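Reader: Could you take me through a close look at a single part of this model, and then show how the rest connects to that part? I would like the cut-offs spelled out as you go.

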Amino acid sequence: MTVVRGLYERFRQLIHEAAKFGVVGVVGVLITNGGYALLHTKFGMGPVSATTVATIVATAVSYVANRYWSFRHRERTSVAREGTIFFVLNGIGLLIQDAVVAFNFYILGFGHNKAAEFIALNAGIALATLFRFWSYRKWVWAAPADAGASAGGRQPLSPAAPPSVAHSAAHQHAPGQNGNGAGPHSPDLLHANGRRRTDRSARTGWDD
């Protein structure tokens, strides 16, 4: 249990985002499948066209849900920028999805097999969903700046030394009053005639 909890704590944000994204994705799948069935089966629209229209509607719904729920804690920019990148990435996802549907219909020739159509449609949705989740997190709603700095292993700068510490260090290295680097209580002082005077004789004024 400790290992499982450790993994959960490490990937908690990813798990929560994936779960919310999955819920939104299920809603999108229902919209896509329902729209495809309505447009292709009932109104006779071509399979690729029906997939495209249904996916566009599902994409609009998923943008609102992901922005204000799945990734609401991430970095935000303008709606225009996010919307543009979002729909461009979904266009790529749509191409992935359409490619699978077209491969099933035109290459494999299973256009009149309802089970094959369903499998192809949802296989394309699955591949496109993986691409969307990865690309949304990378380009549409990026991780917060502080989280990125922590993930990069950057360490905060050490605080500057207090003025009192700097003053104390400077005082310890300051030259003495006699100009030769010795402090006022240096044990050995030179007399004017060159004889060395001890600290006691310096205080009494007499040479030893």
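Author: Happy to! Let's begin with Y8, which has its place in helix α1; helices here are DSSP runs of H or I with at least four residues, numbered from the N terminus. A word on the basis: this is a predicted model, where local features need pLDDT of at least 70, side-chain atom pairs count only at pLDDT 80 or more, and totals for chains, interfaces and linings use all residues. Residues are numbered from 1 along each chain as its sequence is written, and side-chain values use heavy atoms, with hydrogens and water left out.

Y8 joins V3, L7, F11, L14 and I15 in a nonpolar surface patch with about 510 Å² of accessible area together (Shrake-Rupley method, 1.4 Å probe, only the protein chains shown counting as cover for residues). Patch members have over 30% relative accessible area and no salt bridge, and nonpolar side chains (Val, Leu, Ile, Met, Phe, Trp, Tyr) are joined within 5 Å. Both α1 (2-10) and α2 (12-42) supply at least two residues each, and α1 gives the most, with three.

Helix α2 also holds E17, and R137 lies in helix α5, so their pairing ties together parts that are 120 residues apart in sequence. The two side chains meet in a salt bridge at 2.7 Å, N to O (a side-chain nitrogen of Lys or Arg within 4 Å of a carboxyl oxygen of Asp or Glu). The structure holds two salt bridges.

Definitions and conventions
Patches are made of residues with over 30% relative accessible area and no salt bridge: like charges are joined within 9 Å, nonpolar side chains (Val, Leu, Ile, Met, Phe, Trp, Tyr) within 5 Å.
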